[in-house]
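Dear colleague,

Please find below the structure that I am handing over to you. My findings follow directly after it, grouped by region.

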Amino acid sequence: MLEFGVVSHLAAAVVYGVLAGFTACRYLRRGSDRALFLAASLTTIWAMVIVAQTLWGWPEFALRYITELARNTVWILVLFALIRDARDHSLFSRRMLLFASGALITILCVLMVSALAGWALDLNLLSARATLFAQLAISLLGISVLEQIWRNASAYGRSSIRYLCFGIAGIFIYEFLLYADALLFNRMSSGLWDARGAVNALLTPLFAVNLINARRQPVQLQLSRTFVYHAGTLVFGGVYLVIVAIGGYYVRLAGGEWGEGLQVVFIAAFALLFVLLMASSWFRARVMMFLSQNFFNYKYDYRDEWLKMTETFSNLNEDPPLPERAIRTLAGLVESRTGALWLRDDEGQFSFQAAVGLEPPKHKQIDGDAELVRFFREREWILDMDEYSVDPVRYNLLEVPDAILDFNDQWLIIPLYLGRELYGIALVGSPYTRVELNWENFDLIRVVGRQLSNFLAQADAQSRLSRALQFEAVNKASAFMVHDLKTLIAQLSLLVSNAPKHRDNPQFIDDMIATTDHAVNKMSRLVEHIRQPETEERETNLDVAALTQKVVHQRSVQEPRPVYEGPLSGVIVRADPQQLQNVLSHLVQNAQDATPREGEVSLTLKAGSGAAVLFVQDTGQGMSESFIRDSLFRPFQSTKGLTGMGIGAYQAQEYVRQIGGAMDVTSEPGLGSCFTIRLPLISLEAREEPEMQKESR
């Protein structure tokens, strides 16, 4: 039965042979394609040599080792070919490439000479450990060149280059692990050695995809900072653990009888250090800064920054408050955790809003005429307090307000603009890692600052609108109450004015008592409404025919007396008796006020299928179409001068709509008006349900 190592490398020979043929048949236009063909061919030969050596003991070790060196070298040459095929390879570090080329040639020459000397002269020029170090150096050299390609990936115009890089990275990373393990334990791991062919074979589809995609759609390649950060963390962790393992091995050798225990303590201590480093914000910030400076053309992932800011301000919760979120957003751009915020108020001053991580001073407000404010209104500069303390002349000896200087930590003073106007000022405290500021930092801070100003201004506008709506609700309720009070005052004033003439008339005394009783009841209900606003629980099944006749009787004390036509009972609607009575009473009173004594005021009730319709008609002075359209149902629009509030018709229409009805009006100047009220009728089932509930109780 064949060994696993034979099958593994035989599979690698087959798939790389197919890859070489596939490349030769269709893709040999570019230098990188030709280099890939050569790499696939040499990898096929390398795998076949290992299979032959395992099965038949031929060729000798030196020839097999030379084929392995050639195979590793040609994969590095594929990376050099990628750099040469780049549209603008001047973006690459020439020193790095010269160093890599020189190091590769030197190492290969040394290893080739050593292998040939051992084969031909039986002379060992290099020890086994030195040879392993050289193999590790070749792997690291390939990874370093690959890093240069990732760092300048935007210079390439082919998106499929990523698969080629992933495949080559897989080859060299596995080589590194194989020889690092051998160097650490002074033996070649049989498992890693046998699996090497299969692992190399698994990478073949990546190279095939690279060839296909490069022919279809060449676009630029970019890696996200998050991916590089996490990948770099994994590599760092692996290297760290290898170093710790090597250290633990030598501690155990040097420790004598205590060796095993010291090894455990050593590894545990460094594992704890690793956890602390990974949990440190300072360390993570330094790593991200290193990646941004050395792997990317731009320091920030703008898409990620924009999404984070949008997510922060799309949260509708009030915790933390919006000003604190704005401070944290600005501070986070420069690796800081502290800051403060001032916003312009209605008087033009800059009022303190919030502070994060800083103790606010006693004097918090910044004067609108302060020199710093005038400076920011003239130019959109970000004031670096560290630079200011060294060279204040650069900022024209600018005077910084005490409200900012009294903070125990000042670093950046950032102006926030809403359009072209200075809307706020932000202070950011010192970062928890060293940050080198350049044009990109300042541009991002300015853009984010303007967006934050929009968020803050929108929140302030919403707050003002909410307060205005609250005041509007209070004013509306107050207007309704005042209107009811004025109606009562008018009724009582009429009684007082007629009392001297009719004090001896018993009928007048009865009417006066009834009117006074009505006024007292209405005022009591008004007081109750102030204490407990109206709710739907006050609505009940109501006979609108009986209620209309009651209103006609009450308003008969004024000329012209109203006349009712329609059914005497049985027209049931759902409404608050007092509210609907006020509506009808108001309409009848307005009709009487607008109609001369010899005129007519009539109320006609008709019950149809599902609705009751009440017509309130008069032969008064009427209204124009423009007055009905623009003023009649608008609050505080009155034709009665100082004696009217202008909300009676508005209040009547609002309540009719509230109970599901509608109110219309038709009028013509000089002929009179007709108000039409439509109210939904209550079905027989709905009428019987309350009665059944009463009986069940």
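Pro680 is located in strand β12. The model is a predicted one, and in it Pro680 has a relative accessible area of 32%, which makes this residue partly exposed. Its C-alpha atom is separated by 8.9 Å from that of Val613, although the two residues are 67 apart along the chain.

Val613 also appears in the lining of a cavity. Searching the whole structure gives two cavities of 30 Å³ or more, and the second largest cavity holds about 50 Å³ of space. This second largest cavity is lined by Val544, Leu580, Leu584, Leu605, Ala612, Val613, Leu614, Ile677 and Leu679. By class, the lining residues comprise nine nonpolar, no polar and no charged. Three elements each provide at least two residues of this lining, namely α20 (577-594), β10 (611-618) and β12 (672-680). The most is given by β10, with three residues. Strand β12, which contributes to the lining, is the strand that also holds Pro680.

Two further places in the chain may be taken next. Gln554 belongs to helix α19, residues 544-554, and is partly exposed at a relative accessible area of 28%. Between Gln554 and Asp511 there are 9.4 Å in space, C-alpha to C-alpha, for 43 residues in sequence. In the loop between α19 and β7 (563-565) one finds Pro560. The peptide bond that joins Glu559 and Pro560 is cis, with an omega of about -10°.

I turn now to the charged pairs. The search of the whole structure finds eight salt bridges. Which residues are linked in a network of salt bridges? They are Arg64, Glu68, Arg71, Glu175 and Arg196.

Within this network, Arg64 and Glu68 form a salt bridge through their side chains, at 2.6 Å from N to O. Both belong to helix α3 (residues 61-85), and because they are four residues apart there, about one helical turn separates them. Arg64 is buried, having a relative accessible area of 6%, and Glu68 is likewise buried, at 0%. Glu68 has a second partner: its side chain meets that of Arg196 in a salt bridge of 3.1 Å, N to O. Since Glu68 lies in helix α3 and Arg196 in helix α7 (residues 190-202), this pair ties together parts that are 128 residues apart in sequence. Arg196 is buried as well, with 0% relative accessibility.

Another of the salt bridges pairs Arg187 with Asp181, where the closest N and O atoms are 3.8 Å apart. Are the two partners buried or exposed? Arg187 is partly exposed, its relative accessible area being 44%, whereas Asp181 is buried at 18%, a value that falls under the 20% limit for a buried residue.

Asn186 is found in the loop between α6 (161-185) and α7. Its backbone deserves a note: Asn186 is not a glycine, yet its phi is positive, at about 55°. A positive phi is also found at Glu335, where the value is near 60° in a residue other than glycine. Glu335 is part of the loop between α13 (322-333) and β1 (339-344).

Finally, there is the surface to report. Leu10, Val14, Val18 and Met48 make a nonpolar surface patch of about 340 Å². Helix α1 (residues 4-26) is the element that gives the most to the patch, with three residues. Val14 has its place in this helix, α1.

For convenience, the main points to look up in the structure are these:

- the second largest cavity, of about 50 Å³, with a lining of nine nonpolar residues;
- the network of salt bridges that links Arg64, Glu68, Arg71, Glu175 and Arg196;
- the cis peptide bond between Glu559 and Pro560;
- the positive phi of Asn186 and that of Glu335;
- the nonpolar surface patch made by Leu10, Val14, Val18 and Met48.

With kind regards

Technical notes:
Residues are numbered from 1 along each chain as its sequence is written. This is a predicted model: local features need pLDDT of at least 70, side-chain atom pairs count only at pLDDT 80 or more; totals for chains, interfaces and linings use all residues. Side-chain values use heavy atoms; hydrogens and water are left out. On a 1 Å grid over the protein atoms alone, a cavity is a set of points where a 1.4 Å probe fits but cannot get out, and a pocket is an open set with protein on both sides within 12 Å along at least five of seven lines; lining residues have an atom within 4 Å of a point. Grid points are joined across faces, edges and corners, and a volume is the space filled by probe spheres set on the points. Ala, Val, Leu, Ile, Met, Phe, Trp, Tyr, Cys and Pro count as nonpolar, Asp, Glu, Lys and Arg as charged, and the others, Gly among them, as polar. A salt bridge is a side-chain nitrogen of Lys or Arg within 4 Å of a carboxyl oxygen of Asp or Glu. Buried means under 20% relative accessible area, exposed over 50%, partly exposed in between (1.4 Å probe, protein chains only). Patches are made of residues with over 30% relative accessible area and no salt bridge: like charges are joined within 9 Å, nonpolar side chains (Val, Leu, Ile, Met, Phe, Trp, Tyr) within 5 Å. Accessible areas come from the Shrake-Rupley method with a 1.4 Å probe; for residues, only the protein chains shown count as cover.
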